[in-house]
Amino acid sequence: MNGLFITIEGPDGAGKTTVLNELYPRLQMIANSEIVKTREPGGVMIAEKIRQIILNPEHQQMDERTEALLYAAARRQHLVEVILPALNAGKIVICDRFVDSSLTYQGAGRRIGMKEIAQINEFATEGLTPDFTLYLDVDSDTGLRRIHRSRTQEIDRLDLEGLEFHQRVRHAYLKLAEENPARIHRIDAKASLQEVVDSSFSAIVEANPKYFKRGE
């Protein structure tokens, strides 16, 4: 594959989607190839329908392994319809969440085990790993306050989990970042939006000079 695969990760309330929406036009201006912006779970019709099932607050009875398998199924469909074709065509793919989210939310948050979740996703992705990951880090108290302040009409099933769940998720993210320093770049998401966007922009461009024009 000739393309570049970038993911943006972080606990709830870190501002991933907002940051990605701010980054996208700036990166487009200096990219050497087309940028495909997408998200998980979702990105294609089948995966978006699975997303609705997973995140619906009415589905509180969902088993944690069912949840993990649904995420992997949505990821597989998204991969074959969007990510792999784009990478094979030499494009830059920037995805809001990928396997790291399953490792942290289902592996650590749900206590299924990160090793077990890695095995499920190895099958789903055939071992595809992002080339570069931005991890937007925010403490769980701040993240949850942001969610309940700004997303009152969009609270999903995972947002309703307690503080300890979200703390386990964040600690797992920090562990992944520590174990994968060449791939995962940590950004302090408690800073202002402009600071987070500027830091994220610089990190992406500096780490991937082949794909972005320098000095612009």
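A nonpolar core is a set of buried Ala, Val, Leu, Ile, Met, Phe, Trp, Tyr and Cys residues joined through side-chain atoms within 4.5 Å. Keep that in mind for this predicted model, where the largest such core has 32 residues.

## The cores

Let's start inside. Phe 5, Ile 83, Val 93, Phe 98 and Leu 128 are the residues with the most contacts within the largest core. Which elements give two or more residues to this core? They are helix 2, helix 3, strand 3 (92-96), helix 4 (99-109) and helix 7 (163-179). Helix 3 is the top contributor, giving eight residues. There is also a second, separate core, made of 27 residues, with Ile 8, Ala 14, Ala 31 and Val 197 included in it. As general background, nonpolar side chains tend to be buried together in soluble globular proteins.

## How the helices pack

Now for some helix pairs. Two packed helices are described by the angle between their axes and the distance between the axes. Here are three pairs from this model.

| Helix pair | Angle between axes | Axis distance |
|---|---|---|
| Helix 1 (residues 16-30) and helix 8 (residues 193-207) | about 45 degrees | 10 Å apart |
| Helix 2 (residues 45-55) and helix 3 (residues 64-88) | roughly 160 degrees | within 8 Å |
| Helix 4 and helix 7 | roughly 130 degrees | within 8 Å |

Take helix 1 and helix 8. Their axes pack at an angle of about 45 degrees, and the two helices are therefore oblique to each other. Their crossing is right-handed. On the helix 1 side, the contact uses Thr 18, Val 19, Glu 22, Leu 23, Arg 26, Leu 27 and Ile 30. Facing them from helix 8 are Leu 193, Gln 194, Val 196, Val 197, Asp 198, Ser 200, Phe 201, Ile 204 and Val 205. Sorted by class, the residues of this contact come out as ten nonpolar, three polar and three charged. Val 197 turns up twice in this story, as a part of this contact and as a member of the second core.

Helix 2 and helix 3 cross at roughly 160 degrees. Angles over 145 degrees count as roughly antiparallel, so helix 2 is roughly antiparallel to helix 3. This crossing is left-handed. Helix 2 brings Ile 46, Ala 47, Ile 50, Ile 53, Ile 54 and Leu 55 to the contact, while helix 3 brings Glu 67, Leu 70, Tyr 71, Ala 73, Ala 74 and Gln 77. That contact has ten nonpolar, one polar and one charged residues.

Then there's helix 4 with helix 7, crossing at roughly 130 degrees. That angle makes helix 4 oblique to helix 7, and the crossing is right-handed. From helix 4 come Asp 100, Ser 101, Leu 103, Thr 104, Tyr 105, Ala 108 and Gly 109. Helix 7 answers with Phe 165, Arg 168, Val 169, Ala 172, Tyr 173 and Leu 176. Here the residues divide into eight nonpolar, three polar and two charged.

## His 78 and Glu 48

Is His 78 buried or exposed? This helix 3 residue has a relative accessible area of 0%, so it is buried. Leaving out residues up to four places away in sequence, His 78 touches Thr 38, Arg 39, Glu 40, Gly 42, Gly 43, Val 44, Ile 83 and Cys 95.

Glu 48, over in helix 2, shares some of those partners. Setting aside neighbours within four places in sequence, Glu 48 is in contact with Arg 39, Gly 42 and Gly 43, which His 78 touches too. With 22% relative accessibility, Glu 48 counts as partly exposed. As for Asp 100, it sits 52 residues from Glu 48 along the chain, and their C-alpha atoms are separated by 19 Å.

## Some backbone details in the loops

Where is Pro 41? Look in the loop between strand 2 (35-39) and helix 2. The peptide bond leading into Pro 41 from Glu 40 is cis, with omega near -15 degrees.

Two arginines have positive phi values even though they aren't glycines. For Arg 97, phi is about 80 degrees, and this residue lies in the loop between strand 3 and helix 4. Its relative accessibility is 12%, so Arg 97 counts as buried. For Arg 111, phi is near 65 degrees, and its place is the loop between helix 4 and helix 5 (114-125). Arg 111 counts as exposed because its relative accessibility is 61%.

Key. Residues numbered from 1 in each chain as written. Predicted model: local features only at pLDDT ≥ 70, side-chain atom pairs only at ≥ 80, totals over all residues. Heavy atoms only, no water. Axes fitted to C-alpha atoms, helices over the stretch in contact; angles between N-to-C directions. Helix = DSSP H or I, 4+ residues; strand = E, 2+ residues; numbered from the N terminus. Parallel < 35°, antiparallel > 145°, perpendicular 65-115°, else oblique. Left-handed = near helix turned anticlockwise from the far one by under 90°. Contact = heavy atoms within 4.5 Å. Nonpolar A, V, L, I, M, F, W, Y, C, P; charged D, E, K, R; others polar. Buried < 20%, exposed > 50% of the residue type's maximum accessible area, 1.4 Å probe, protein only.
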